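Visitor: I would like a close look at one part of this model, with the reasoning spelled out. Please start from a single side chain and work outward.

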Amino acid sequence: MDPIRSNAGTPRVATVLATTLLGAAALLAGCGGSDEAPFGSAEARPLVIGHRGASGTVPEHTLESYRRAIEMGADVIEPDLVSTKDGVLIARHEPNMIATTDVADRPEFATRRKTIKVDGVDDTGFFASDFTLAEIKTLRAKQAFADRDQTQNGKYQIPTFDEVIALAQERGNALGRTIGIYPETKHPTWHVEQGLPLEDKLLASLDKVGWNRADAPVFIQSFETANLKALRQRTKVRLVQLVDADDVNPRTGAITYAAPFDRPYDWTKAGRTGFFGDLLTPAGLDEVKTYADGIGPWKRYLVTVKATLNAAGNPVDANGDGAINEADFAAVADDTIVRNAKARGLIVHTWTFRSEPRRLAATYANDPAKEYEQFFTLGVNGVFSDFPDAAVAQRNAWWARRN
Ligand SMILES: [Ca+2]
């Protein structure tokens with residue numbers, strides 16, 4: 001989940017100085033929780049989900065990244081799933097492997113480069129659906145964010161979904177604690193169009209290890225709706241409806257939409273209008289409740305960002321670094337969506353949390369702990385973090401204080 005675009009913390013429009021601290025204090029949910037509650041339930045302590053593993057530190061979606069997340073204390077590791085040409089589920093953020101592997105440097109694969117439509121948008125690169133698993137195993141992962149550690153590039157293989165599950169179970173047994181998994185079906189409609197549907201394989205992998213059941217430490221997530229509705233008929237594993245957007249207008253704090261981040265792609269294909277945010281209205285949540293156990297909204301739906309505006313009405317470079325981005329904005333919480341979701345028995349997991357100062361709103365004063373505190377106080381049941389150690393530290397402190 002979580003395209004780099006929205007999550008890089010750099011809305012395209014400009015911004016401001018912030019300071020409003022936690023309008024959220026008033027929103028405090030305040031109901032007690034239990035350490036005995038079922039893993040990931042509404043009553044349990046909030047989950048820390050290692051987003052693509054510990055992707056702030058180790059190249060994403062590698063066994064090493066997931067292992068590091070577990071060492072950092074993450075409760076759950078998150079593999080995004082795409083299909084190889086021979087129908088094997090592997091962990092990659094996108095079918096296009098150009099940004100996260102060394103495939104473009106491999107002369108033997110040069111002829112595989114092409115431009116295709118993914119969810120209606122041109123995409124150029126090397127697609128997992130054109131490579132066998134054996135070929136993909138010859139590739140090596142690289143860090144997707146240019147401003148993060150590049151020294152581990154070229155070291156690690158691309159894991160299969162089965163290998164990710166095996167790691168979670170092996171580490172969970174070794175550590176004596178539950179390590180969950182949070183697979184995302186990436187571009188499910190597109191995969192069907194390639195003749196490589198994801199869902200049968202996903203359920204088969206869970207069946208093999210005894211995790212295709214309601215109380216398994218497993219959440220299946222998707223930005224599309226039709227595949228989740230179909231999965232509901234086939235599995236009791238917890239399902240989570242992801243809710244995307246394009247950006248935020250920092251002048252107003254309003255969520256903005258643009259294709260392909262305007263609505264679930266299955267809606268576009270079916271001619272359904274409206275936007276992702278429709279899933280978060282009371283009526284939308286009622287609909288989600290008919291097939292899912294939770295929602296996974298982009299964090300800006302829960303805590304938006306607003307710029308300080310100059311006399312001309314334009315965002316101000318509050319920290320004076322020459323760039324206008326979230327580091328110049330105030331973080332403003334609103335608990336309406338969390339309350340409405342919880343009132344319907346839906347859990348709420350939100351994304352993506354990143355520790356770099358330029359990816360933190362000015363409100364947090366370069367301290368990621370302040371951001372986690374705001375969201376836990378708002379009542380979320382889980383956070384997807386690129387830096388699970390920071391998330392775990394603040395979750396533990398928050399939970400201890402509350403109970
Ligand atoms: Ca700035």
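Visitor: Is Arg 272 buried, partly exposed or exposed, and what is its relative accessible area?

Guide: The model is a predicted one. Arg 272 has a relative accessible area of 34%. Buried would require under 20% and exposed over 50%, so Arg 272 counts as partly exposed.

The partner of Arg 272 in a salt bridge is Glu 287, and the closest N and O atoms of the two are 3.1 Å apart. Arg 272 sits in the loop between helix H8 (265-270) and helix H9 (282-289), while Glu 287 belongs to helix H9, so the salt bridge ties together parts that are 15 residues apart in sequence. Glu 287 has a relative accessibility of 22% and therefore also counts as partly exposed.

This pair can be set beside two others; the structure holds 32 salt bridges. One of them joins Arg 68 to Glu 71, with 3.8 Å between the closest N and O atoms. Both of these residues lie in helix H2 (residues 63-71), three residues apart, about one turn of the helix. Arg 68 is partly exposed at 29% relative accessible area. Glu 71 has 61%, which puts it in the exposed class.

Another salt bridge runs between Asp 147 and Arg 358, whose closest N and O atoms are 3.4 Å apart. Here the link is between distant parts of the chain, 211 residues apart: Asp 147 is in the loop between helix H3 (133-136) and helix H4 (161-175), and Arg 358 is in the loop between strand E16 (347-353) and helix H11 (368-378). Asp 147 is partly exposed, its relative accessible area being 40%. Arg 358 is partly exposed as well, with 35%. Asp 147 and Arg 358 also belong to a network of salt bridges, whose other members are Arg 148, Arg 354, Glu 356, Arg 359 and Asp 386.

The calcium site is another place where acidic side chains take part. The ion is coordinated at 2.2 to 2.5 Å by Asp 317 (OD), Asn 319 (OD1), Asp 321 (OD), Ala 323 (O), and Asp 328 (OD), with Asp 328 (OD) listed twice. Along the sequence, the donor residues follow the spacing D-x1-N-x1-D-x1-A-x4-D. The six donor atoms subtend angles of 53 to 157° around the calcium ion, which makes the arrangement irregular. An octahedral label would need opposite donors over 155 degrees apart and all others between 65 and 115. Of the donor residues, Asp 317 is partly exposed, with a relative accessible area of 24%. Ala 323 is also partly exposed, at 29% relative accessibility.

As for the chain around these sites, its secondary structure comes to 12 helices and 17 strands. Of its 403 residues, 57% count as buried. The chain has a radius of gyration of 20 Å, which agrees with the value near 22 Å that a compact globule with 403 residues would have. The C-alpha trace spans about 55 × 50 × 45 Å along its principal axes. Among contacts in the chain with a separation of 6 or more, 72% come from residues 24 or more positions apart. The accessible surface is about 14,900 Å², and 53% of that surface belongs to carbon and sulfur atoms.

How values were computed:
Residues are numbered from 1 along each chain as its sequence is written. This is a predicted model: local features need pLDDT of at least 70, side-chain atom pairs count only at pLDDT 80 or more; totals for chains, interfaces and linings use all residues. Side-chain values use heavy atoms; hydrogens and water are left out. Donors are N, O and S atoms within 2.8 Å of the metal (3.2 Å for Na, K and Ca); water is not among the atoms, so sites may look incomplete. Four donors count as tetrahedral if all angles lie between 85 and 135 degrees; four count as square planar and six as octahedral if opposite donors are over 155 degrees apart and all others between 65 and 115; anything else is irregular. Buried means under 20% relative accessible area, exposed over 50%, partly exposed in between (1.4 Å probe, protein chains only). A salt bridge is a side-chain nitrogen of Lys or Arg within 4 Å of a carboxyl oxygen of Asp or Glu. Helices (H or I, at least four residues) and strands (E, at least two) are DSSP runs, numbered from the N terminus. The radius of gyration is taken over C-alpha atoms; the globule rule is 2.2 Å times the number of residues to the power 0.38. Contact means heavy atoms within 4.5 Å. Accessible areas come from the Shrake-Rupley method with a 1.4 Å probe; for residues, only the protein chains shown count as cover.
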